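Open the model in your viewer and keep the sequence panel beside it. The tour goes from one selection to the next and says what is found at each stop.

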Amino acid sequence: MTRLSALLALGCLAAAAVPARADDAPNPFEYADQFHSDAIGPNRAPPTGHLRVLVVPVSFGKDPGFADFLDFFDPREDAGYTFSNFYRRQSGGLLDMDTVVADVVEFDGCPSTTVPDCAFSVQTIFEAAPIFEEVFRRLREEQGIRLGDFDRSGQDGVPDGWADGVIVLIGEWERAIAPPIYPVLEVVDQGVQVGSIAISDLDRETVLHEFGHNLGAADQYLWSHPYSLMGICDDCSLDVHSRVKLGWADVVDVPTGTELSAFMAPALDGGSVYRLGEPPEYWLVENRQPYLIGDKAVDAATGGLIVVHVDESLSPPVFGQANYPSWHPMTRVVDVPDGSKRRIFVPGDAFLPAAADHGPRSAEDRWLDSAWYDGSRSGVSVADLQPESSGCETPDSIRATLTGPNAVGSTPTRSREPSPVAVGTPCSPEQPIDETPPLASLGACQGSPDAAPWPLLLALAALFVAATRRRARA
Ligand SMILES: [Zn+2]
């Protein structure tokens, strides 16, 4: 199978799985709208503020091992790699979540006659509403858990009549999905409703992924965006576009006709994200470096700049995938100019304009220069990468020359960001970046760097991951 046919097959599989729905029917795909839906309140967990999240283990006839898993919901900041601490780090401290774990709600078996084996999916999830109505009834009557205690915040930072967040943990043989259940779920307690539910098995990254949907992030399962928790990378941060849209990134604009010598600290250590051009079509650049939460390595396979081409005029069309189709999606990683995905941007790389205008990107022409999607040259470039340290406070910082889109007939305005002055304990003034691709040793996202047909392998990996390891994470 050729690379192209593999990708087309992937797209066809996804398209074939989408059920036909009447225009006025509730749309379960809104769960992954990548910030396009108007139904922000009921669909989403607030991305900032102090939330109280309810975690409900539900057993359908067997205990999948809840006791060994629930430490992941320890709300303390010094508890290491936990649900709350992952999102604290992702949000730069803007999203602070208390988690309250209910006692296990036990059923003898799957109580539904319309959803066999409680195998929740986009096709069946709305028919499963009575199961969840029963879960909330029993939480209230048997455990005294009232929804009014779980509306601490809202999109505007104050209680809004919608539960801040609800996670339902189920066993291994069910499916992970994060639907906006409110159109069919008839649960109101103390004036508070449940908008969406992150349903997950006992896998920490699956819980984080599904809750990412509750926040509004879409899937990124194709090779065109391999560095996101929302896609084929389990141990990754959320992608930069999602973090920008959630308001978790400090964005520095490099507008038309300007050139910036940017000092780029690691984005999750407080570094800025750079936007080249203006919506709807633009590029985002972040410095992505590995880090630890407790003893857990996150973003272990990265270590350099990630450049993402964004076209917000597109909605994720299939399965809510923001990176589909790969030749013209809403978000696409474009940072390695030779088309290889074996590493991200490190010194020596450059992302440059095309030599000449060319046609629009297509399945046959998946160029990786900085042309606009219509094929005309943008003038955008990311070049002159050099390691630069301001001291112990910001190791792995990078200086790069970022050029915004062309201003016709004029010379770019140039500026230079100062490096922060080092503070704290003395350290080496130079912290050189490891120029060896770290992927071979750490390999959390993509495997061996030696094989050639990366897009094909990653597309197949996406299928494999979706079909096996995560079973049915949606
Ligand atoms: Zn998903």
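Helices and strands here are runs assigned by DSSP and numbered from the N terminus. The model is a predicted one.

**The whole chain**

Start with everything selected. The protein has nine helices and 18 strands. Of its 474 residues, 46% are buried. Take the contacts between residues at least 6 apart in sequence: 68% of them join residues at least 24 apart.

**Stop 1: strand β1 and its partners**

Select residues 49–60, which form strand β1. Then add residues 95–101, strand β2: the two strands run parallel and are joined by seven bridges. To see one position in this pairing, label Leu51, which stands opposite Met97 of β2.

Next add residues 165–169, strand β4. This strand pairs with β1 in the parallel sense over five bridges. Here Leu54 has Val166 of β4 as its bridge partner.

Finish with residues 105–107, strand β3, which is also parallel to β1 and pairs with it over three bridges. Phe60 stands opposite Phe107 in β3.

**Stop 2: helix α4**

Now select residues 83–90, helix α4. Is this helix largely enclosed or largely open? Six of its eight residues are buried, so α4 is largely enclosed by the rest of the structure. Show the side chains of the buried residues, which are Phe83, Ser84, Asn85, Phe86, Tyr87 and Gln90. To see what covers them, add β2, α6 (204–215), α7 (240–245) and β12 (291–293), which are among the covering elements. Then step just past the end of α4 to Gly92, which takes a positive phi of about 65°.

**Stop 3: a sheet of five strands**

Clear the view and show the open sheet with the order β8-β10-β11-β14-β15, in which the pairing is mixed. The edges are held by β8 (251–254) and β15 (331–333); each has a single partner strand, so one side of each is left without a neighbour in the sheet. On average, neighbouring strands of this sheet are turned by 25° against each other, direction ignored.

Zoom in on the β15 edge and select residues 304–311, strand β14. This strand runs antiparallel to β15, and three bridges join the two. Val310 has Thr331 of β15 as its bridge partner.

**Stop 4: Gly257**

Move to the loop between β8 and β9 (258–264), where Gly257 is found. Is Gly257 buried or partly exposed? It has 17 C-beta neighbours inside 10 Å and therefore counts as partly exposed, since a buried residue needs 20 or more.

Which residues does Gly257 touch, leaving aside those up to four places away in sequence? They are Gly404, Ala407, Ser410, Pro412 and Thr413. Draw a distance from Gly257 to Thr413: their C-alpha atoms are separated by 6.3 Å, although the two residues are 156 residues apart along the chain.

**Stop 5: a sheet of four strands**

For the last selection, show the open sheet with the order β16-β17-β9-β18, again with mixed pairing. Its edge strands are β16 (381–387) and β18 (413–416), each of which pairs on one side only. Neighbouring strands of this sheet are turned by 15° against each other on average, direction ignored.

End at the β16 edge by adding residues 398–403, strand β17. β16 and β17 pair in the antiparallel sense over five bridges. Label Pro387, whose bridge partner in β17 is Ile398.

Terms used:
Residues are numbered from 1 along each chain as its sequence is written. This is a predicted model: local features need pLDDT of at least 70, side-chain atom pairs count only at pLDDT 80 or more; totals for chains, interfaces and linings use all residues. Two strands pair if DSSP finds at least two bridges between them. Axes are lines fitted to C-alpha atoms, for helices over the stretch in contact, and angles run from 0 to 180 degrees between N-to-C directions. A residue is buried if 20 or more other C-beta atoms lie within 10 Å of its own, exposed if 12 or fewer, and partly exposed in between; C-beta atoms are placed from the backbone. Two residues are in contact if their C-beta atoms, placed from the backbone, lie within 7 Å.
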